[in-house]
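Colleague: Hi! Could you walk me through this one?
Modeller: Happy to, let's pull it up.
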Amino acid sequence: MHRAHLAAVLLAAGTTATYVGSMQVQPVTEPSQPSGSDPFEPDRPFEPNSLGPNPIGPKSSEPIFNVPPVIIATVAALVGVHLFRMFVLSDSQDEQFVLTFAFIPARYVSDGVMSGSFPGGFGADLWTFFTYGFLHADLLHIGLNLAWLIPFGAALARRFGAWRYVVFMLVTAAAGALAQLACAPGSEEPMIGASAAISGAMAGAMRFVFQAHGPLETWRDGPRNDEAYRVPALSLMGTFRDRRSLFFLAVWMGLNALFGLGAVSFGEQGQQIAWQAHIGGFVAGLLLFGAFDPVTAREELDTKPSG
């Protein structure tokens, strides 16, 4: 099976430490949503003067690690599925479970011979684009993914709200599966793990966490301010002109290049890492962020990136 995560050891150790220490994937209460309102209805535009001379505001006694409920639910779902496999299913049942819900490119071969040999039928041809992200190889695999998910997913959930976050993660998971399918057509090896979706969350967070008065800056001065997660994001072109974003992107791409060249392996048997899925999820997150972002951007950010 593809295991997607020595990257978390290296990148989460550096980037996550910077994110948490100075403010991984990967999300502290969410902005309240008026009852009965559409969760996809755009929020109010960001008002530059709303931050005032002191964007942090008065110190509060909020817990440092106040994780949004949707992130707690995500963690519970991932851990719950893994515990179910560990303690409820037999080895043979677990094998069938993985074959039913993991993403297997061989399902989609044109001759139909291999595709008919996997359980789940036509339904699995559709749902495995998403369900593979809920499966993990072992406790180390899921632990590293959660370490990456919590900071980056939390930042995204605070900005998007619960439903946008959920749909965004599902879309980037599907993009990771499509990338794997394109790069390894006909492969019979199941791909599992949430890393493609988490990579998408990292890319999305990269669009706003480096901004002035954003999450990284406000965490240096005290407890989190909700407005820090509502600063206008960099445009796509602005992201590629921002030095900190470029450094983050270079480190992330460099690590995945090492996986692709076989310079780094994972696990006792040196299993392959699905780096193609990582890149697919990351690119989708970077490109699709604007379609999900409820915060109205300011035009000057296109020409004046921070950093």
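Colleague: Thanks! What share of the 307 residues in the protein chain is buried?
Modeller: Buried residues account for 50% of the 307 in the protein chain. Please keep in mind that this is a predicted model.
Colleague: Noted. And how much accessible surface does the protein chain have?
Modeller: About 13700 Å², and 64% of that belongs to carbon and sulfur atoms.
Colleague: How many helices and strands are there?
Modeller: The protein chain has 11 helices and zero strands.
Colleague: Let's look at H11. Which residues does H11 cover, and how far does H11 reach?
Modeller: Helix H11 runs over residues 275-292, which is 18 residues. From its first C-alpha to its last, H11 reaches 25 Å, close to the expected 26 Å.
Colleague: Where does H11 bend?
Modeller: At Leu286, by about 40 degrees. Leu286 is also one of the buried residues of H11.
Colleague: Which others in H11 are buried?
Modeller: Among them are Gln276, His278, Phe282, Phe289 and Phe292, along with glycines such as Gly280, Gly281 and Gly285.
Colleague: Switching to the outside: which residues make the nonpolar surface patch?
Modeller: Leu83, Phe84, Met86, Phe87, Val88 and Leu139 make a patch of about 600 Å². Helix H2, residues 69-87, gives the largest share of the patch, with four residues.
Colleague: Met86 caught my eye. Where is Met86 placed, and why does Met86 count as partly exposed?
Modeller: Met86 is in helix H2. Its relative accessibility is 38%, so Met86 counts as partly exposed, a class that lies between the 20% and 50% cut-offs.
Colleague: Great, thanks!

How values were computed
Residues numbered from 1 in each chain as written. Predicted model: local features only at pLDDT ≥ 70, side-chain atom pairs only at ≥ 80, totals over all residues. Heavy atoms only, no water. Helix = DSSP H or I, 4+ residues; strand = E, 2+ residues; numbered from the N terminus. Expected span 1.5 Å × (residues − 1). Bend = angle between axes of the 7 residues up to and from the residue. Buried < 20%, exposed > 50% of the residue type's maximum accessible area, 1.4 Å probe, protein only. Areas by Shrake-Rupley, 256 points an atom, 1.4 Å probe, with all protein chains shown as cover. Patch = residues over 30% accessible without salt bridge, like charges linked within 9 Å, V, L, I, M, F, W, Y side chains within 5 Å. Salt bridge = Lys/Arg side-chain N within 4 Å of Asp/Glu carboxyl O.
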